[in-house]
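Ready for a walk through a protein fold? Take a moment to look over the sequence and the 3D picture before reading on.

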Amino acid sequence: MLMPEADQPDADLTRQAPMGDGQPGAGQTLGPPPTAADAAAWEALYQQGEDGWDLGNPSPPLQAAQAAGELPTGRRVLVPGCGRGHDLVYLARRGYQVTGCDIAPSAIAAAGERCRSLDRRVRLICGDALG
């Protein structure tokens with residue numbers, strides 16, 4: 001998502017450590033987020049359960065866009081940073097041919113398990129979608 005220049009975060013901000021409920025912990029910082037090129041850092045976040053962005057369900061904006069008829073049907077969809085595959089399953093069950101890409105091997109493995117019954121409609125790639 002592109003943000004207006006005035007709304008962009010300062011370069012020196014740090015991300016907050018998630019608490020057990022996935023919410024940022026007050027005052028705890030982890031430093032700048034890892035770059036997409038740093039596969040080991042992303043993998044470590046998944047392995048340590050520090051993936052507070054994983055809602056355990058498809059993303060609400062995706063669900064809202066699909067429910068409002070804003071997504072063309074029967075198309076191919078790329079989901080960069082697909083994580084554990086919640087959006088992949090949601091889209092594949094609605095007739096889309098889906099390709100999911102994530103840099104973290106454990107995320108792709110979890111997405112593969114989640115998408116096992118949808119294998120003809122879902123393709124998974126473990127790699128850097130930005131590099």
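We'll start with the overall layout, then look at a pair of helices, and finish in the core.

First things first: what you're looking at is a predicted model. The protein has four helices and five strands. If you follow the chain from its start, these elements come in the order β-β-α-α-β-α-β-α-β. Of the 131 residues, 28% count as buried. The exposed surface comes to about 8600 Å², and carbon and sulfur atoms supply 52% of that. Here's another way to look at the fold: take the contacts between residues at least 6 apart in sequence, and 46% of them join residues at least 24 apart.

Now find helix α1, which covers residues 39-47. Which of the residues in α1 are buried? They are A41, E43, L45 and Y46. The cover over these buried residues includes β4 (97-102) and α4. Just after α1, look for G49, which takes a positive phi of about 70°.

Since α4 is part of that cover, let's see how the two helices meet. Two packed helices are described by the angle between their axes and the distance between those axes. For α1 and α4 (residues 105-114), the axes come within 7 Å and cross at roughly 55°. Angles from 65 to 115 degrees would count as roughly perpendicular, and those under 35 as roughly parallel. The crossing of α1 and α4 fits neither group, and the two helices are therefore oblique to each other. On the α1 side, the contact is made by E43, Y46 and Q47, while α4 brings P105, S106 and A107. Sorted by class, this contact has three nonpolar, two polar and one charged residues. Notice that E43 and Y46 turn up twice: both are buried, and both take part in the contact with α4.

Next, the core. In soluble globular proteins, nonpolar side chains tend to be buried together. In this model, the largest nonpolar core has 15 residues. Which residues have the most contacts inside it? They are V79, L88, L91, V98 and V122. Two elements, α3 (86-92) and α4, give two or more residues to this core. The biggest share comes from α3, with five residues.

To finish, zoom in on V122, one of those well-connected core residues. Leaving aside its neighbours within four places in sequence, what does V122 touch? Its contacts are L88, A92, V98 and C115. Two of these partners, L88 and V98, are also on the list of residues with the most contacts inside the core.

How values were computed: Residues numbered from 1 in each chain as written. Predicted model: local features only at pLDDT ≥ 70, side-chain atom pairs only at ≥ 80, totals over all residues. Heavy atoms only, no water. Axes fitted to C-alpha atoms, helices over the stretch in contact; angles between N-to-C directions. Parallel < 35°, antiparallel > 145°, perpendicular 65-115°, else oblique. Contact = heavy atoms within 4.5 Å. Nonpolar A, V, L, I, M, F, W, Y, C, P; charged D, E, K, R; others polar. Core = buried A, V, L, I, M, F, W, Y, C linked by side-chain atoms within 4.5 Å. Buried < 20%, exposed > 50% of the residue type's maximum accessible area, 1.4 Å probe, protein only. Areas by Shrake-Rupley, 256 points an atom, 1.4 Å probe, with all protein chains shown as cover.
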